[in-house]
Amino acid sequence: MRDLKAVGKKFVHVMYPRKSSALLRDWDLWGPLVLCVSLALMLQGGSADSKDDGGPQFAEVFVLIWFGAVVITLNSKLLGGTISFFQSLCVLGYCVMPLTVAMLVCRLVLLASTGTVSFIIRLIVVGAMFGWSTLASTAFLADSQPPNRKALVVYPIFLFYFVISWMILTFTPQ
Amino acid sequence: MDSSDDIEDVSLFDADDDVSRRSKKSKIRHPVASFFHLFFRVSAIVVYLLCELLTNSFIACMVTIILLLSCDFWAVKNVTGRLMVGLRWWNQVDDDGRSHWVFEARKVSAQGGKTSSEAESRIFWLGLITCPMIWVIFAFSALFSFKVKWLAVVMMGVVLQGANLYGYIRCKVGSRKNLTSMATNYLGKQFLRQTMATEDQAAS
């Protein structure tokens, strides 16, 4: 239907980040929800917790992603951005897609081996996807700011995706 | 005779017209929409209450509740509100980038074109109002019993269902003159029906 097509179009836009206003104009939060849930599902069950349900980790990842996105949006709005609240959430959520792909790749690599080689592969993949996410989201978000404030907006986005990448990289299955 | 055409509509064919109108108003025109309107909300609440019994995994419960809440939000916002009570609301971004919220209510035509049935309206508003209140109660109970891991889900429930409630209430009371004219219309019809009924009784 109409909504599904809109979501699909946005995913394509993230893969090839061009400065188009389609992502900004019709925002929707379905893509971010799906990405967030799948990322949280893939990240659970990986720490040295004694509890055998991955419960708190799922909720942690979920809350981290959404709370982080909200904080970045508030930051950009307080700095005088022209983008609206939900549009910014939409862009940040969709740009988590490369990192979700990285998580998938990491899990597959970890199925094969857990040695140094796999770590280097994972590092390269996660680093590349992190750069892609940050570039894609700044391509959309930094434009809405006056030029002397671009760095102030880019830095929290950088930090946000860095934290997610760190969680992905340090994921070790039990 | 010409001037009392309206009254003639009500009085001469009062008996069966009234019954048919009453049955039309209480018939549910969109049974599928009504069912799904209540189904997602109630099943989200039921899953939240019974999750301890159903499965050991917290994650399965959480994902299920999140999916049900999202489906419910989408269904109520896009489908059931429009079909059952003729209201809709959305966010519009202009060409210059500013966004504003639009709230619309379908005008009730005097010829009786597409009036919403009372049963559907009752179902809609009942479901819309009681479920967010239940989620707020869950929020307080999770907060005070320190079950913090459920707080994320409950917050999501409160936010999504509260947003729909707020949107539809704003649709309903948005155009104030529409509301007062509808109220006058309704009261006028009630009064007319009362007088016709008493006349009927007096006559028979």
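Rings of Phe, Tyr and Trp, the last taken by its six-membered ring, count as a pair if their centres lie within 6.5 Å, and the pair is called stacked if the planes are under 30 degrees apart. The legends below refer to a predicted model.

**View 1. A stacked phenylalanine pair in helix H4 of chain A.** Over all chains, the structure holds 21 aromatic pairs. In the pair shown here, the ring centres of A:Phe58 and A:Phe62 are 6.2 Å apart and the planes meet at 15 degrees, so the pair is stacked. Both residues belong to helix H4 (residues 55-78) of chain A, and because they are four residues apart there, about one helical turn separates them. A:Phe58 has 0% relative accessibility and is therefore buried. A:Phe62, at 6% relative accessibility, is buried too.

**View 2. A stacked phenylalanine pair in helix H5 of chain B.** The rings of B:Phe140 and B:Phe144 are 6.1 Å apart from centre to centre, with 15 degrees between their planes, and the pair is stacked. Helix H5 (residues 118-144) of chain B holds both residues; they are four residues apart, so about one helical turn lies between them. B:Phe140 is partly exposed, with a relative accessible area of 48%. B:Phe144 has 62% relative accessibility and therefore counts as exposed.

**View 3. An aromatic cluster in chain B, with a lysine over one ring.** The cluster is formed by B:Trp89, B:Phe103, B:Phe124, B:Trp125 and B:Tyr168. B:Lys77 lies over the face of B:Trp89, 5.0 Å from the ring centre.

**View 4. Packing of helices H3 and H5 of chain B.** Helix H3 (residues 31-54) of chain B packs against H5(B) at an angle of about 15 degrees, and the two axes are 10 Å apart. Angles under 35 degrees count as roughly parallel, so H3(B) is roughly parallel to H5(B). The two helices make a left-handed crossing. On the H3(B) side, the residues in contact include B:Ser34, B:His37, B:Leu38, B:Arg41 and B:Tyr48. On the H5(B) side, B:Glu120, B:Phe124, B:Cys131, B:Pro132 and B:Trp135 are among them. B:Phe124 is also a member of the aromatic cluster of View 3.

**View 5. Helix H5 of chain A, mostly covered.** This helix spans residues 85-94 of chain A, and eight of its 10 residues are buried. The buried residues of H5(A) are A:Gln87, A:Ser88, A:Leu89, A:Cys90, A:Val91, A:Leu92, A:Gly93 and A:Tyr94.

Notes. Residues are numbered from 1 along each chain as its sequence is written. Chains are lettered from A and ligands numbered from 1 in the order in which they are written. This is a predicted model: local features need pLDDT of at least 70, side-chain atom pairs count only at pLDDT 80 or more; totals for chains, interfaces and linings use all residues. Side-chain values use heavy atoms; hydrogens and water are left out. Rings of Phe, Tyr and Trp (its six-membered ring) pair if their centres lie within 6.5 Å; planes under 30 degrees apart count as stacked, over 60 as edge-to-face and the rest as tilted. Buried means under 20% relative accessible area, exposed over 50%, partly exposed in between (1.4 Å probe, protein chains only). A charge sits over a ring if NZ of Lys or CZ of Arg is within 6 Å of the ring centre and within 35 degrees of the ring normal. Axes are lines fitted to C-alpha atoms, for helices over the stretch in contact, and angles run from 0 to 180 degrees between N-to-C directions. Angles under 35 degrees count as roughly parallel, over 145 as roughly antiparallel, 65 to 115 as roughly perpendicular and the rest as oblique. A crossing is left-handed if the near helix is turned anticlockwise from the far one by less than a right angle, and right-handed if clockwise. Contact means heavy atoms within 4.5 Å.
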